[in-house]
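Reader: Hey, got a minute to walk me through this one? I'd like to go residue by residue.

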Amino acid sequence: PGKYTFLHGTAGGGYIITPDLPGASELDALPPTTQNALLYGRAKEHLLASNRSFRCDTLDEEGNSKVRLCGVSAFKDFVGQEVALMQKQMDAASAEARRVEHYFLSDLRSDLISVLR
């Protein structure tokens, strides 16, 4: 295993990266590339540990957006629900289009016949 391990990642030995660790004094003693990698790791851990990192906004009945912040797990659920809702709406719109398609074809045929004569 590597020298560092993410708190929310792979198991193994070494120093565990958390949202706050390694601290500034520990980072100062390391080469810049390692510092940058560890700062990235801390930021990743902060993102995963926070319950307010993502927007899971909802719309009220008037279409106004209501801000709701959420964490990674809730965001994953939110996106799944939004995709399912969009699929349902697309299916309904497709069904409605199929129900009225013949009107468009009939009107188009009537308009074209007079133009082509």
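Author: Sure. One term before we start: helices here are DSSP runs of H or I with at least four residues, numbered from the N terminus. Also keep in mind that this is a predicted model.

Reader: Fine. So where is valine 83 placed?

Author: Valine 83 sits in helix 3, which covers residues 72-116.

Reader: And is valine 83 buried, partly exposed or exposed?

Author: Partly exposed, because its relative accessible area is 48%, and that label covers the range between under 20% for buried and over 50% for exposed.

Reader: Which residues form the nonpolar patch on the surface?

Author: Val83 is one of them, together with Val79, Met86 and Met90. Their accessible area adds up to about 360 Å².

Reader: Switching topic. What about glutamate 45, buried or exposed?

Author: Glutamate 45 is buried, with a relative accessible area of 0%. Its place is in helix 2, residues 32-49.

Reader: Huh, a carboxylate in there. Which side chain has a polar contact with glutamate 45?

Author: That would be histidine 8: the two side chains are joined by a polar contact of 2.5 Å.

Reader: What else does glutamate 45 touch?

Author: Leaving out residues up to four places away in sequence, glutamate 45 is in contact with Phe6, Leu7, His8, Ile17, Thr18 and Pro19.

Reader: Okay, and leucine 38, where does that lie?

Author: Leucine 38 is in helix 2 as well. At 3% relative accessibility, leucine 38 counts as buried, because the cut-off for that label is under 20%.

Reader: Which residues does leucine 38 touch?

Author: With residues up to four places away in sequence left out, leucine 38 touches Tyr4, Ile17, Pro22, Leu27 and Leu30.

Reader: How far is leucine 38 from valine 79 in space?

Author: They are 29 Å apart, C-alpha to C-alpha, with their positions 41 residues apart in sequence.

Reader: Last thing: how many disulfides does a search of the whole structure find?

Author: The search finds 1. Cysteine 56 is joined to cysteine 70, S to S 1.8 Å. Cysteine 56 lies in the loop between strand 3 (54-55) and strand 4 (58-59), and cysteine 70 in strand 6 (residues 69-70), so the pair ties together parts that are 14 residues apart in sequence.

Reader: Why is the disulfide right-handed?

Author: Because the torsion about the S-S bond is about 55°.

Reader: And are those two cysteines buried or exposed?

Author: Cysteine 56 and cysteine 70 are both buried.

Key
Residues are numbered from 1 along each chain as its sequence is written. This is a predicted model: local features need pLDDT of at least 70, side-chain atom pairs count only at pLDDT 80 or more; totals for chains, interfaces and linings use all residues. Side-chain values use heavy atoms; hydrogens and water are left out. Patches are made of residues with over 30% relative accessible area and no salt bridge: like charges are joined within 9 Å, nonpolar side chains (Val, Leu, Ile, Met, Phe, Trp, Tyr) within 5 Å. Accessible areas come from the Shrake-Rupley method with a 1.4 Å probe; for residues, only the protein chains shown count as cover. A salt bridge is a side-chain nitrogen of Lys or Arg within 4 Å of a carboxyl oxygen of Asp or Glu. Helices (H or I, at least four residues) and strands (E, at least two) are DSSP runs, numbered from the N terminus. Buried means under 20% relative accessible area, exposed over 50%, partly exposed in between (1.4 Å probe, protein chains only). A polar contact is a pair of N or O atoms within 3.5 Å; within protein, one must be able to donate a hydrogen and the other to accept it, and residues adjacent in sequence count only if both atoms are side-chain atoms. Contact means heavy atoms within 4.5 Å. A disulfide is a pair of cysteine sulfur atoms within 2.5 Å.
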